[in-house]
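Dear colleague,

Please find the structure below, together with its sequence. My notes on it follow, and I would be grateful if you could read them with the model open.

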Amino acid sequence: MFDFGIKDIIDIFLVALILYYIYRLMKESRSLNVFIGIIVFVLVWLFVSQVLEMRLLGAILDKLVSVGVIGIIVLFQEEIRRFLYSLGAHQRFRAFARFFVGSKEKVVDKETIMPIVMACIDLSRGKVGALIVIERGIRLDDIVDTGDVIDARINQRLIENIFFKNSPLHDGAMIIVGKRIRAAGCILPVSHSHDIPKELGLRHRAALGISQDSDSIAIVVSEETGGISVAINGEFQLRLSAEKLENILSKEMNL
Ligand SMILES: Nc1ncnc2c1ncn2[C@@H]1O[C@H](COP(=O)(O)OP(=O)(O)OP(=O)(O)O)[C@@H](O)[C@H]1O
């Protein structure tokens with residue numbers, strides 16, 4: 001007879017939880033039909049090989065399953081990356097990781113933040129579009145590689161100059177690492193989120209994208225409205241005043 005214990009209940013619960021997470025992930029990335037297709041395939045495979053015990057078809061499906069796993073990883077590498085990142089970015093897990101690895105926060109102080117805030121205010125007044133990304137724990141070397149390395153001390157006028165409309169580096173994002181402007185003209189991953197307001201264009205989507213893919217802080221100055229926004233962990237805070245921007249940066253940089 002069946003020997004059904006507490007371990008089996010936990011087992012079933014965990015499988016259901018994993019399936020639910022995969023379902024949510026696929027739904028968010030508009031791949032729900034692929035998920036349903038995979039479930040149908042697995043059910044047919046189990047039915048053929050376990051219930052009907054058809055050896056030839058079972059063997060072919062077995063092979064397809066082992067290749068299929070690699071195929072799924074390739075097809076959904078972006079989603080898998082996001083999922084693992086959000087798992088690692090979870091507060092409790094980060095505290096756990098810091099316990100072993102130690103904190104490696106970048107050396108930043110008020111003097112680093114103020115020129116950025118002041119530059120954003122001036123850019124906002126002049127309705128000059130800007131996109132500034134401040135690196136934190138996760139390195140943005142691959143993003144830096146897409147632009148031009150500057151490696152200069154943070155300076156309000158330099159920031160404004162770079163985003164000035166006729167500057168060759170005004171297009172794309174500026175990356176700030178520690179107390180230095182590391183690069184400008186960088187290309188960020190664009191978010192495909194549906195929740196982003198319609199009036200916000202590519203600059204804002206790029207800010208949201210990098211904040212979803214890393215723990216960095218992305219500041220946007222809108223060219224259209226002059227509005228200042230900040231994206232952190234995939235969440236936007238729109239229409240910020242100078243004071244609010246300073247508060248957010250200070251809080252997020254643990255100052
Ligand atoms: N993937 C990207 N990475 C970096 N910068 C980008 C990216 N996509 C767009 N941009 C920047 O955004 C500018 C286009 O902004 P767009 O007008 O589409 O955005 P927006 O969010 O409506 O901003 P705004 O309110 O300033 O118009 C581009 O000129 C470029 O500088």
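**Surroundings of I175**

Leaving out residues up to four places away in sequence, I175 touches V133, E135, L140, I143, V144, R182, A183 and C186. Please note that the model is a predicted one. I175 is located in strand β3, which covers residues 173-177. I175 counts as buried because 28 C-beta neighbours lie inside 10 Å, where 20 or more are required for that label. One of the residues that I175 touches is L140; the two are 35 residues apart along the chain, and their C-alpha atoms are separated by 8.2 Å.

**The chain and its core**

The chain has 10 helices and 7 strands. Of its 255 residues, 25% are buried. Among the contacts with a separation of 6 or more, 59% join residues that are 24 or more positions apart.

I175 also appears in the description of the largest nonpolar core, which has 45 residues. The members that touch the most other members are C120, L131, I132, V133, M174, I175 and A218. V133 is thus on this list and is also one of the residues that I175 touches. Which helix supplies the largest share of this core? Helix α6, residues 110-125, does so with 6 residues.

**Helix α6 and its partners**

Two packings of α6 deserve your attention, one with α10 and one with α8.

The partner in the first case is helix α10, residues 242-252; the two helices pack at an angle of about 150°, with their axes 10 Å apart. Angles over 145 degrees count as roughly antiparallel, and α6 is therefore roughly antiparallel to α10. The crossing in which α6 passes α10 is right-handed. On the α6 side the contact is made by I113, V117, C120 and I121, and on the α10 side by A242, L245, E246, L249 and S250. The residues of this contact of α6 with α10 comprise 7 nonpolar, 1 polar and 1 charged. C120, which takes part in this contact, is also among the core residues that touch the most other members.

In the second case α6 packs with helix α8, residues 156-163, at an angle of about 40°, and the axes are 8 Å apart. The two helices are therefore oblique to each other. Here, too, α6 passes its partner α8 in a right-handed crossing. From α6, the contact involves P115, I116, M118, A119, D122 and L123; from α8, it involves Q156, I159, E160 and F163. By type, the residues of the contact of α6 with α8 are 7 nonpolar, 1 polar and 2 charged.

**Helices α2 and α3**

A further pair is formed by helix α2, residues 32-51, and helix α3, residues 55-75, whose axes come within 9 Å and cross at roughly 140°. That angle makes α2 oblique to α3. The crossing of α2 past α3 is left-handed. W45, V48 and S49 of α2 make the contact with L57, G58, L61, D62 and V65 of α3. These residues of the contact of α2 with α3 divide into 5 nonpolar, 2 polar and 1 charged.

**Loop residues to inspect**

Three positions in loops complete these notes.

E53 is found in the loop between α2 and α3. Although E53 is not a glycine, its phi is positive, at about 50°. Most residues other than glycine have a negative phi. Is E53 buried or exposed? E53 counts as exposed, because it has 8 C-beta neighbours inside 10 Å.

K127, in the loop between α6 and β1, is likewise a residue other than glycine with a positive phi, near 50°. With 13 other C-beta atoms within 10 Å, K127 is partly exposed.

G137 is placed in the loop between β1 (130-134) and α7 (141-144). With 17 other C-beta atoms within 10 Å, G137 is partly exposed. Where along the chain is S216 relative to G137? The two are 79 residues apart, and their C-alpha atoms are separated by 7.7 Å.

With kind regards

Notes: Residues numbered from 1 in each chain as written. Predicted model: local features only at pLDDT ≥ 70, side-chain atom pairs only at ≥ 80, totals over all residues. Axes fitted to C-alpha atoms, helices over the stretch in contact; angles between N-to-C directions. Helix = DSSP H or I, 4+ residues; strand = E, 2+ residues; numbered from the N terminus. Parallel < 35°, antiparallel > 145°, perpendicular 65-115°, else oblique. Left-handed = near helix turned anticlockwise from the far one by under 90°. Contact = placed C-beta atoms within 7 Å. Nonpolar A, V, L, I, M, F, W, Y, C, P; charged D, E, K, R; others polar. Core = buried A, V, L, I, M, F, W, Y, C linked by C-beta atoms within 7 Å. Buried ≥ 20, exposed ≤ 12 C-beta atoms within 10 Å, placed from the backbone.
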